[in-house]
Amino acid sequence: MSVPLWLAKSGATAPGVPTDLRMKLAVRAAHDLSGLGRDREAIAVLHAAAARIGGSAGTELRAIASERSLNIGEIPSGLDEQLQAILDLADVAPSIDDRTRLIGRAVAIAFHRLRHLDSPYSALADNPETFLKPFRNSAAWQALTRARRPDHQAANAAGARKVAVVVDDDIRFLEPMMAAIREVDPTIDFRVIQLRKWASKHSYKLPLNPHEQIHARANPHVANEPWAMALHQELAGADIVWVEWCQRAAVLVSLLDLAPRRIVIRLHSFEAFTVFPHLVDPSSVDALVTVSPTFRKLIGVLTPDLDDRTTFVPNAIDLRGIGREKTSTAPRTLGLVGWAAPAKDAVWALDVLDLLRRDDDQWTLHLVGAPPDPNRSAGEAAYAHRVTARLEERGAAVTQSGQVTDVAAELAKIGVILSSSTRESFHVALAEGIASGARPVVRDWPMLSKFGGAATTWPAEWIVQTPDEAAALITTTAAPAESTAYLPDRLDAASAMIAVLRGTIVQ
């Protein structure tokens, strides 16, 4: 095999150079190439170095190459074998630093967003037991994710009123729930801590990316870290700690010894397809809340140690003021609210539009919200390209609102609200569309079909499998007269959340 020029220049193949240094030089050469926009050459350099160096270093270099391939939107062959090889190395690693680094490599290729969040299917939902088996059989992974405080006991929180809410930064579903809870029980005192802003204000460096969180999870003295001591003190005055989203903040809070405070985590959707729920210390969690029955089933399989403490509480959605007089063109206008993420699958909605326009060219599609961001990830860039190409073909048959603050005004233009997603936990935008008076058409969220799909949340008569079925439903039936009866009552949801926070119901 010829040696790539950049690899030869790096010194990684020079005789007499120690293996660890050769590996570092190869990684540096690949990094420099990527900085020049030559990603495929960088990947080739890593594979060439892996072949020449061999052994455990070669195995790790191949994993790094695979991660780079995933980063540019390509799924390389042999990922399952690479994952197993990396975990096998972690099991025999001589030091905790080596072990955590190798687990980080395994996580990077196993939980990469291209394989789950930016894909129409995910092995975590299709066959979770098989997907997670290499991790569950790994001694290193078991040691990393073990319960640190199995004797954790929360105090009786029946009369508790001081609730500290910790969130990374996204409060879009948090604020409506807190507002509804205040209506049900005005004595509850909320204090919201947006973790990134808090850390920035106090100049703390938080371990937020997966590699850093793995190191924090493995650190037996993590409670002595400056950020951990400060966060512990920040939460000391609370009776209950509610962590919104089961991601980075949930991992960090679970590493603190907050007993006897009650810890409740609320999981929405995307978190289930990341490594973060697996890094949460289960012995610290008193309740895990999901916002749909589908995710209640899925997360019970993904995190069995938390299954007996997992429950379902719907979102509290304020639908007051959503319904406005429809425009004259609304009856033949499809609507999709929120279409930027690949999981929203606007291409499916465009397929429905095309079918309807075969017989009636008055049908249009109105897209509400920001468009896909091609700079966010390779998967989103590919999705943006597919959608943009279709939009150019459709011309004036598709309109876009862009990012808006008055969603109700946009819903007034829509007569048929679509849920075209490959996955949803509940789909708040669909509920808002229904409340506006639009007719609902719900794709049976294929990524979640094994766990009930859309049928655990929405009526069967609204649910379709294909664009053809969607077009047929739209042209042959009217919306159920009592469509709003299927929307969750915000105050009932708030009452259920209060009960979970205080520990009176967990199922």
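A residue counts as buried when its relative accessible area is under 20%. The exercises below apply this to a predicted model.

**Exercise 1. Determine which residues of helix H12 (residues 210–218) are buried, and identify the helices against which they pack.**

Solution. With the cut-off above, the buried residues of H12 are Gln213, Ile214, Ala216, Arg217 and Ala218. The next step is to look for their surroundings, and here the buried residues of H12 are found to pack against helix H6 (96–110), helix H9 (139–145), helix H14 (248–254) and helix H15 (276–279). Finally, at the start of H12, a side-chain oxygen of Asn209 comes to within 3.0 Å of the backbone nitrogen of His211.

**Exercise 2. Work out the strand order of the open sheet, and describe how strand S1 is paired on its two sides.**

Solution. Begin with S1 (residues 162–167) and S2 (residues 189–194), which pair in the parallel sense over 6 bridges; within this pairing, Val166 has Ile193 of S2 as its bridge partner. Next, follow the path of the chain: S1, H10 and S2 form a β-α-β unit, and this unit is right-handed. S1 also pairs with S3, again in the parallel sense, over 5 bridges, and Val163 stands opposite Ile240 in S3. Helix H11 (residues 195–202) packs on the sheet, where it touches S1 and S2, and its direction makes about 70° with that of S2. Extending the analysis to the whole sheet gives 6 strands with parallel pairing, in the order S2-S1-S3-S4-S5-S6. Its edge strands are S2 and S6, each of which pairs on one side only, and the twist from one strand to the next averages 25°.

**Exercise 3. Compare the reach of helix H22 (residues 490–502) with its expected span, then establish what lies at its start, what follows it and what covers its buried residues.**

Solution. H22 has 13 residues and reaches 18 Å from its first C-alpha to its last, which is close to the 18 Å expected at 1.5 Å a residue. At its start, a side-chain oxygen of Asp489 lies within 2.9 Å of the backbone nitrogen of Leu491, whereas after the helix comes Gly503, with a positive phi near 85°. Turning to burial, the buried residues of H22 are Arg490, Ala493, Ala494, Met497, Ile498, Ala499, Val500, Leu501 and Arg502. Their cover includes helix H10 (174–184) together with strands S3 (240–244), S4 (262–267), S5 (287–290) and S6 (310–312).

Methods:
Residues are numbered from 1 along each chain as its sequence is written. This is a predicted model: local features need pLDDT of at least 70, side-chain atom pairs count only at pLDDT 80 or more; totals for chains, interfaces and linings use all residues. Side-chain values use heavy atoms; hydrogens and water are left out. Helices (H or I, at least four residues) and strands (E, at least two) are DSSP runs, numbered from the N terminus. The expected span of a helix is 1.5 Å times one less than its number of residues. Buried means under 20% relative accessible area, exposed over 50%, partly exposed in between (1.4 Å probe, protein chains only). Contact means heavy atoms within 4.5 Å. A polar contact is a pair of N or O atoms within 3.5 Å; within protein, one must be able to donate a hydrogen and the other to accept it, and residues adjacent in sequence count only if both atoms are side-chain atoms. Two strands pair if DSSP finds at least two bridges between them. A crossover is right-handed if, with the strands pointing away from the viewer, the path from the first strand over the helix to the second runs clockwise. Axes are lines fitted to C-alpha atoms, for helices over the stretch in contact, and angles run from 0 to 180 degrees between N-to-C directions.
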